[in-house]
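Work through the exercises below with the sequence and the model side by side. Try each task before you read its solution.

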There are 2 protein chains.
Amino acid sequence: MKGNVTVKTLAKELNISIATVSKALNDSYEISIDTKQKVWDLAKKLKYERNPAASNLRSHKTKTIAVIIPEIANNFFSLAINGIEEIARKRDYHVLIYQTHENSETEIAFTDSLLSGRVDGILISVSSSTENYAHFKELVNKIPVVFFDRTIEDIDAVKITTDDYESAYNATCHLIENGCRKVAFLFALSNLSTGQKRLAGYQNALKDHQLDFGEELIVNYDKDEDGNYENIRELLNAQKPDGIVSSIEEFALPCYYVCRELGLNIPDDLKIISFSNLSTAPLLSPSLSTVTQPAFEIGKEAAGLLFRILDKKPFDTHEVQTLKSTLIKRESTFVSTVQVESC
Amino acid sequence: MKGNVTVKTLAKELNISIATVSKALNDSYEISIDTKQKVWDLAKKLKYERNPAASNLRSHKTKTIAVIIPEIANNFFSLAINGIEEIARKRDYHVLIYQTHENSETEIAFTDSLLSGRVDGILISVSSSTENYAHFKELVNKIPVVFFDRTIEDIDAVKITTDDYESAYNATCHLIENGCRKVAFLFALSNLSTGQKRLAGYQNALKDHQLDFGEELIVNYDKDEDGNYENIRELLNAQKPDGIVSSIEEFALPCYYVCRELGLNIPDDLKIISFSNLSTAPLLSPSLSTVTQPAFEIGKEAAGLLFRILDKKPFDTHEVQTLKSTLIKRESTFVSTVQVESC
DNA sequence: TTTATTTACGAATACGTTTAAGTGAAACAT
DNA sequence: ATGTTTCACTTAAACGTATTCGTAAATAAA
């Protein structure tokens, strides 16, 4: 801790000024190649490591980005972080992770604390409980931000999402084509455009097929897991739908349990398709048909966009990018009892 | 960016010195309660945020810890991070995540870069490909480090693991008790004490039951996914084991696929139990018996230990803590064809 | 009263880096 | 020859905070 090697150490050792050392380390054109080489060699020899705090204080660059997500223990987000990390690593950036656990106050605390200049930029996937966007509006004006997947319509910022409307529409059509006539919707993320678009896709698919799309077929997501069980059981008992579109995977798994409980056979009695990035979807019993988002790519793309903003000074870009999800048909939406290869 | 509010701003506004403001913000006993209150009020009003870089540069405290893990898209690690984050948040610490992707060079690059004082402490779960520990020895001498789950015997540091030996032993006994006479082992993490203990537990369980425990029953984990399929297929064809203990979940899922391919019925022809934190284990077909580690608690415990080291100056603790895993019996190790409730 | 102690604050410096501005010498142009 | 650039480097001043040391006033002890 004491005799740490700094630019000063290198300067003294080489009998040159600390300015020269600093510039050499930064590969400045002002320094001759000979001197640079000497500095680099000595730095390596003495295991010099630039002090990030001092560097950041002086240069206002932190080489760090923040990722604010609802929950890390969710395949979609961990894959997205994977993508983010890959890009960040290429540029020698460090990644701070913040989990909101779907709590808006926590989210506000994070965004506020990030106003201090701790990071150069922020990637956000909005908490489902966020209804007030004031903290984002402030944030977006002070620091480069990219929203990914879970976005808000009203905020003017760079966003990257998937084709939520289309994929929900297609998922619903898939059920209808396979014989469903009464399709229910498990509705989550209702505050976010992400959720709203999925709902709209579902509803319009039903409309386009002249099928019932009443409110009674929609179950709202409950923070309380038990509540979801109750609501799904209620739905299945009261409405007896023959198809279910689930807008998040956390909603689909309870369905499986409730079906077992009620003795309903999937897919004969009820077909299920869900937005999901579960790696075990093909191994479930029965294997689960999914709308799978390109989570890793979203992460990469989001980080890429952030760095593009970081590269040019004025970060006034307001673009919105959309990636395509994949509809993967598996046993849970299969037509008859004939076997389908699971994959 | 320009007119940022700093201690200077507050000092000027209140007609007191910078030193007083700084001390007031840090709730120093040197400052009267009146002055403190004035400073706090103004700070809140002007939305003052302490500059972390300056603070860190001066105080040598970063309020940041690093977590180095193999892979975030793995339930065990994302749950562990969850636990880490919970503790870090309580202390207003920030969490940097680094993924090695099981690559030792990447791991070295991370540990080297963290020598710069970017973080106050580090939590590490070692990459499976790490064979040389030089970088850890250096690290442990310069900065507080806690190893969790994936540890190395030779390194003298604070460690927290689960009862790998006992749980592997018990898992193997469970298979034997349910009728298995030829139990194979899918061996991963062979460089780490974590993996070695699991192997030892398996082997000793077989010995204690006078069963065959030859090398031919052990399959080594391959980085290449296809390689694992091949090796498992080979094992099942050549050895025809009636039980499998898998030391990691990445090894168990291919088993399911190979069994489908070979037309083997689980659990009638082959019983499987695996170390795993898969949330969907109960929903697999058949549901998977697991040794489940308390991932969240490990994370909490590891972070707690790190902060205990951080609190007292000399970080010379060398303790090792062990948490208990849970053996969860499900269909994949069930005795006969009679149904068992899946959960 | 005088002296010692406590209280509440300020002046000044250091943390390690980056960078604007300056310098002397060499190279070039006129 | 003189003036102008270029090159390679140095000086010195930040960046915003924490902290050591000092001090004046207020209080307590003698």
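**Exercise 1. Explain whether B:Lys197 is buried or exposed, and find what surrounds this residue.**

Solution.
- Step 1: count neighbours. B:Lys197 has 23 other C-beta atoms within 10 Å, so B:Lys197 is buried. The cut-offs: buried means 20 or more other C-beta atoms within 10 Å of a residue's own, exposed means 12 or fewer, and partly exposed lies in between, with C-beta atoms placed from the backbone.
- Step 2: place the residue. B:Lys197 sits in helix α9 (residues 193–208) of chain B. Helices (H or I, at least four residues) and strands (E, at least two) are DSSP runs, numbered from the N terminus.
- Step 3: list its contacts. Leaving out residues up to four places away in sequence, B:Lys197 touches B:Asp164, B:Tyr165 and B:Ala168. Contact means that the C-beta atoms of two residues, placed from the backbone, lie within 7 Å.
- Step 4: compare sequence with space. B:Ala168 and B:Lys197 are 29 residues apart in sequence, and their C-alpha atoms are 8.0 Å apart.

**Before going on: the model and its numbering.**

This is a predicted model: local features need pLDDT of at least 70, side-chain atom pairs count only at pLDDT 80 or more, and totals for chains, interfaces and linings use all residues. Residues are numbered from 1 along each chain as its sequence is written, while chains are lettered from A and ligands numbered from 1 in the order in which they are written.

**Exercise 2. State how confident the prediction is for chain A.**

Solution.
- Step 1: take the average. The pLDDT, the predictor's confidence in each residue from 0 to 100, averages 92 over chain A. In chain A, 95% of the residues score at least 70.
- Step 2: look for a weak stretch. Residues 338–343 of chain A have a pLDDT below 50. Beyond near neighbours in sequence, this stretch has 7 contacts in the model.

**Exercise 3. Describe helix α9 of chain A.**

Solution.
- Step 1: check its span. Helix α9 (residues 193–208) of chain A has 16 residues and reaches 22 Å from its first C-alpha to its last. That is close to the 22 Å expected at 1.5 Å a residue; the expected span is 1.5 Å times one less than the number of residues.
- Step 2: find the buried side. The buried residues of α9(A) include A:Lys197, A:Leu199, A:Tyr202 and A:Leu206.
- Step 3: see what they meet. The buried residues of α9(A) pack against β5 (158–162), α8 (164–177), β6 (183–187) and β8 (243–246) of chain A.
- Step 4: step past the helix. Just after α9(A), A:Gln210 takes a positive phi of about 55°.

**Exercise 4. Work out how chains A and B are related, and how they meet.**

Solution.
- Step 1: superpose. A turn of 180° and a shift of 0.0 Å along the axis lay chain B on chain A with an RMSD of 0.0 Å. That is the relation of a two-fold axis. The fit is by least squares on the C-alpha atoms of residues with pLDDT of at least 70 in both copies.
- Step 2: count the contact. Chain B gives 32 residues and chain A gives 32 residues.
- Step 3: name the elements. On chain B, α4 (52–59), α5 (75–90), β2 (94–99) and α11 (249–262) each supply at least two residues of the side that touches chain A. The largest share, 6 residues, comes from α5(B).
- Step 4: compare the surfaces. 100% of the interface residues of chain B are also interface residues in chain A, so the copies meet through the same surface.

**Exercise 5. Identify the closest residues to DNA strand C.**

Solution.
- Step 1: count. 28 residues surround DNA strand C; near means a C-beta atom, placed from the backbone, within 6 Å of the strand.
- Step 2: name the closest. They are A:Thr6, A:Ala19, A:Ser22, A:Ala54 and B:Thr20.

**Exercise 6. Locate the cis peptide bonds at A:Pro267 and A:Pro286.**

Solution.
- Step 1: A:Ile266 to A:Pro267 is cis, with omega near 10°. A:Pro267 lies in the loop between α11 (249–262) and β9 (271–275) of chain A.
- Step 2: A:Ser285 to A:Pro286 is cis, with omega about -5°. A:Pro286 lies in the loop between β9 and β10 (289–292) of chain A.
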